[in-house]
Amino acid sequence: MDIERIHLDPDDLGAGVVLFDDGRHRYVWLGLLEDEGDGAVQVNQYAVENDGRVCLLDPGGVLTFAQVVASLGRHVELGQVDHIFYSHQDPDVCSGAALWMQVTPAQVHLAALWTRFLPHFGQVDFSRVRGLPDAGGTIEVGSARLEVLPAHFLHSVGNYVVFDPISGFLFSGDIGASVFPDGQHQVFVDDFDAHLPFTEGFHRRYMSSRAACRRFVDLVRPLEPRAIVPQHGAIYRGPAVGRFLDWLADLECGVDNLDALYGPARRRR
Ligand SMILES: [Fe+2]
Ligand SMILES: [Fe+2]
């Protein structure tokens, strides 16, 4: 299965899409949710399955929990979920953590910097919480090893992405996120220039600095990802992957633009 050849019926995106399947290893996008609530940002959730064991990537918050459980149930059973990875602490990412821990036996992987914040989303069993060190680590799913890589300050201070060496997909959390007007959601980015208006403003404000962007690109480019799958918006594939990384590596954002946010600096007396 080649992600670059997947064509989708826009009216049938709720059932989720298998993005990669070699018989032992599957990478599933859990699909567009019918209703995420008025004003709520659209979110993507993914399941990586190997030898019948499963890792969920940013399965999301309280708002989308019931719909994501239903979508996941079309592909795997909840008892197969050994791991849940959270890229960072935001509510759209992990406010459902307590609920997910109730319905699955999963260990939860989150920045050590953020584990203390989890109980504010509900009761969690800390014996199943794994605090990620700054350098990242690995998550073993069946016989596969997912690589957890640092992506700090993009945008969270304790932030990670996950590279799957078997599919070649890089799960990027908020990096690469895009937002489309209502009813115009696109699943894949094939033409990066046409896509830029849907992603540029988000990155210029939410990402912390060009220095952080560049370090991230230097880290992930040698992996030659076949696709970049973000937590919001469309999935980058084919030439759009390299085009996005080129753009991100040289992006002025966040603290690079303090004057625009605060106004010109005033001299202290
Ligand atoms: Fe976020
Ligand atoms: Fe997000």
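Strand E11 (residues 169-173) and strand E13 pair in the parallel sense over four bridges, where two strands count as paired if DSSP finds at least two bridges between them. Helices (H or I, at least four residues) and strands (E, at least two) are DSSP runs, numbered from the N terminus. The structure is a predicted model, in which local features need pLDDT of at least 70 and side-chain atom pairs count only at pLDDT 80 or more, while totals for chains, interfaces and linings use all residues. Residues are numbered from 1 along each chain as its sequence is written, chains are lettered from A and ligands numbered from 1 in the order in which they are written, and side-chain values use heavy atoms, with hydrogens and water left out.

Within the E11-E13 pair, Phe 169 stands opposite Ala 227 of E13. E13 also pairs with E14, in the antiparallel sense and over two bridges; here Ile 228 has Tyr 236 in E14 as its bridge partner. The two strands form a hairpin with four residues between them, and Gly 233 in the turn has a positive phi of about 80°. Both faces of E13 are covered, with Ala 227 and Val 229 buried on one side and Ile 228 and Pro 230 buried on the other (buried: under 20% relative accessible area, exposed: over 50%, partly exposed in between, 1.4 Å probe, protein chains only). In a regular strand the side chains alternate between the two faces of the sheet.

Helix H7 (residues 239-249) has buried residues including Val 241, Phe 244, Leu 245 and Trp 247. The buried residues of H7 pack against strand E12 (188-189), helices H4 (192-195), H5 (200-206) and H6 (210-220), and strands E13 and E14, contact meaning heavy atoms within 4.5 Å.

Two iron ions are present, 3.5 Å apart, and Asp 174 coordinates both. Donors are N, O and S atoms within 2.8 Å of the metal (3.2 Å for Na, K and Ca); water is not among the atoms, so sites may look incomplete. The iron ion (ligand 1) has His 88 (NE2), Asp 90 (OD), His 155 (NE2) and Asp 174 (OD) as protein donors, at 2.0 to 2.2 Å. Its four donor atoms subtend angles of 89 to 173°, which makes the arrangement irregular. Four donors count as tetrahedral if all angles lie between 85 and 135 degrees; four count as square planar and six as octahedral if opposite donors are over 155 degrees apart and all others between 65 and 115; anything else is irregular. Along the chain the donors of the iron ion (ligand 1) follow the spacing H-x1-D-x64-H-x18-D. Asp 90, in the loop between strand E5 (81-85) and H2, and His 155, in the loop between E9 and E10, are 65 residues apart and link distant parts of the chain; both are buried.

For the iron ion (ligand 2), the protein donors are Asp 92 (OD), Asp 174 (OD), Gln 231 (OE1) and His 232 (NE2), lying 2.1 to 2.5 Å away. The site of the iron ion (ligand 2) is likewise irregular, with angles of 80 to 168° among its four donor atoms. Asp 92 lies in helix H2 (residues 91-94) and His 232 in the loop between strand E13 (227-230) and strand E14 (235-237), so the pair ties together parts 140 residues apart in sequence. His 232 is buried, at a relative accessible area of 5%.
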